[in-house]
Amino acid sequence: MKRILSSALLVLCCALAIGGNIRGRVVCDGRPVQGVAVSDGAAIVLTDSLGRYALESDKQDGSVFINTPSGYIARTIDGIRPGFWQPLYLGVEQDEIHDFVLEKQDQSCYTTILLADLHLSADPERDDLRRFKEITMPAIRRETDKAAASGPVYSFNLGDFTHDIYWGEFNFNESDGLRLLQDIDYPTPMYSLMGNHDHDPGIVGEDVDRRAGWRERDCWGPGAYSVNIGGDHWVFLDNIVYINVEGKGKKGPGVRGDRSYKSILTERQLAWLEKDLALTCKDSRIFICTHAPVLYTGGKNGLLMPREQVEMIDKLCAPFKHDVTIFSGHIHRHDFCDHPDFPRLHQRSLPATSGIMWTTPVSWPIYSNEGADAGFWVGEFAAGQEPRYRMETYLYGEKYFRLYDLNEVGKAYKKSEGIKKQQEMFPDTRLNYAASKWRNYVFVNYWAWEPEDKVEIFEKGRSLKVEETRYEDPAKNFAYELPRVMNPYKHSSKKAKDNTFHMYAARTSSAKTPVTVRIYSSDGSLKFEKTYSRPRPFDPSKPETD
């Protein structure tokens with residue numbers, strides 16, 4: 001006991017001796033770890049040979065955190081959250097001591113589960129918590145069990161974990177979402193970042209972005225941080241600046257503002273990012289996670305963030321050997337975007353893990369905004385190999401596209417009372433797939449498209465003319481739009497059709513001939529091939545059988 005107390009006193013004395021209002025030590029198996037980067041969101045220092053660090057901090061960001069070195073993971077706080085960060089609760093004039101414990105981990109191969117826009121709210125009508133537990137979680141557990149044989153598995157939450165406007169109405173906020181994960185024993189460590197819906201909507205006024213994000217930071221940690229995994233450098237950036245103008249916008253219990261925001265980084269975050277990347281090995285692969293996309297096909301000039309900030313990110317990443325991949329959510333659709341002005345940056349925007357925020361009929365398959373089958377993306381990483389990304393859907397596992405037989409879709413449109421009402425309300429803007437001009441067409445919704453991919457459709461071995469279109473997805477129309485049309489007292493109906501950025505159309509010669517879909521990558525290699533018999537039934541209320 002005396003020896004233990006003496007060691008503890010020695011560590012305390014060492015920490016006090018090196019100055020700074022935040023001090024501590026980083027250890028693994030009781031031994032010091034040298035060279036670990038420690039930050040308060042502004043300054044970055046490295047631990048010395050005794051594992052010690054000291055920061056003179058303004059404590060503005062409310063936490064101190066480490067950049068976990070490759071080959072380690074910070075011991076989890078609760079089995080879910082890696083303990084790479086600790087909150088700062090004392091004033092600037094008061095000293096704090098924060099130690100960090102690392103555990104060794106073989107990261108030569110690892111897997112990431114990428115989640116975005118879960119929008120958990122405990123809404124009894126959408127039944128989102130039950131669906132999350134009974135539909136989403138079994139798929140995540142299935143993937144975790146499968147991937148764990150190859151190495152560690154991590155989950156990355158890309159924001160909008162909960163839904164701010166319902167915090168008061170259904171008494172379910174960010175803390176409740178975390179408790180849900182704890183209660184169901186979520187199976188992997190989770191790194192998280194803030195989305196626009198993760199802010200407290202009851203906070204308005206001066207410095208609202210920092211103040212309104214208190215609950216998310218209290219649950220998940222700093223708004224800008226990094227972690228090294230298997231030689232790769234992962235950066236997490238909160239690129240939502242909350243504005244929340246008081247008195248404006250849609251209101252609910254506890255909502256005081258309009259919940260407005262900007263997709264932008266603060267100058268403090270950019271300064272921290274510059275320091276962080278300056279300390280990173282230039283042979284590392286860089287992966288950046290944000291809530292709102294940096295590059296975006298539908299954005300102004302292909303950008304969703306200010307050009308000067310994208311230029312800054314591009315400049316900071318220029319010294320690195322590899323191109324940079326950015327993962328984001330927010331737009332609730334697949335968007336794999338490259339930009340000619342930033343050829344080293346590759347954007348992968350992901351659809352909502354909640355589908356259309358759990359608003360499709362409870363007994364139906366869960367669809368995304370673009371008609372994709374709901375699920376999550378998986379990244380597989382191994383030293384010396386290119387990463388592999390794949391979509392895991394809840395119902396079908398790895399699935400990337402759906403084929404529609406427009407003859408059968410047209411029959412469903414013709415019989416639907418919802419379609420009749422939709423056409424009466426918006427005759428000039430909503431597509432009517434019952435019209436004769438769609439006879440013998442097939443559509444392919446290829447939601448996993450990437451730039452330069454090529455879609456070919458064959459009928460009896462004959463290549464058909466394929467048109468890349470933006471026609472709306474009929475399953476999404478039935479699952480989301482028509483319930484709103486039929487219940488206008490509770491929902492607003494959309495006048496304009498939704499664009500699907502990855503819909504491909506071809507006209508066949510017959511209603512009964514099978515078709516084959518082949519998809520090729522930019523280098524000409526075959527990615528996917530599938531043959532469909534026709535007529536192909538259309539019933540979006542039921543799972544597909546093939």
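## Two strands side by side

Let's start with strand S11 (residues 109–115) and strand S23 (residues 375–382): in this predicted model, the two run antiparallel and are joined by six bridges. Want one to look for? Find Leu114, whose bridge partner in S23 is Trp377. In general, the strands of a sheet pair through backbone hydrogen bonds, and they can do that either parallel or antiparallel.

## The sheet around them

Now zoom out a bit. S11 and S23 sit within an open sheet of six strands, and the order across it is S13-S12-S11-S23-S24-S25. The pairing in this sheet is mixed. Which strands are at the edges? Those are strand S13 (190–192) and strand S25 (397–398), each pairing on one side only.

## A pocket to explore

Next up is the second largest pocket, which holds about 730 Å³ of space. Its lining is made up of 30 residues, and Arg348, Glu386, Pro387, Tyr389 and Glu450 are the ones nearest the centre.

Several strands contribute to this lining with at least two residues each: S18 (285–290), S21 (335–338), S22 (345–349), S24 (388–393) and S33 (526–532). You've already met S24, as it is part of the six-strand sheet. What kinds of residues line the second largest pocket? The split is 11 nonpolar, seven polar and 12 charged.

## How confident is the model?

Averaged over the chain, the pLDDT is 93, and 95% of the residues score at least 70. The start of the chain is another story: residues 1–17 have a pLDDT below 50. Beyond near neighbours in sequence, that stretch has six contacts in the model.

Methods: Residues are numbered from 1 along each chain as its sequence is written. This is a predicted model: local features need pLDDT of at least 70, side-chain atom pairs count only at pLDDT 80 or more; totals for chains, interfaces and linings use all residues. Side-chain values use heavy atoms; hydrogens and water are left out. On a 1 Å grid over the protein atoms alone, a cavity is a set of points where a 1.4 Å probe fits but cannot get out, and a pocket is an open set with protein on both sides within 12 Å along at least five of seven lines; lining residues have an atom within 4 Å of a point. Grid points are joined across faces, edges and corners, and a volume is the space filled by probe spheres set on the points. Helices (H or I, at least four residues) and strands (E, at least two) are DSSP runs, numbered from the N terminus. Ala, Val, Leu, Ile, Met, Phe, Trp, Tyr, Cys and Pro count as nonpolar, Asp, Glu, Lys and Arg as charged, and the others, Gly among them, as polar. Two strands pair if DSSP finds at least two bridges between them. pLDDT is the predictor's confidence in each residue, from 0 to 100. Contact means heavy atoms within 4.5 Å.
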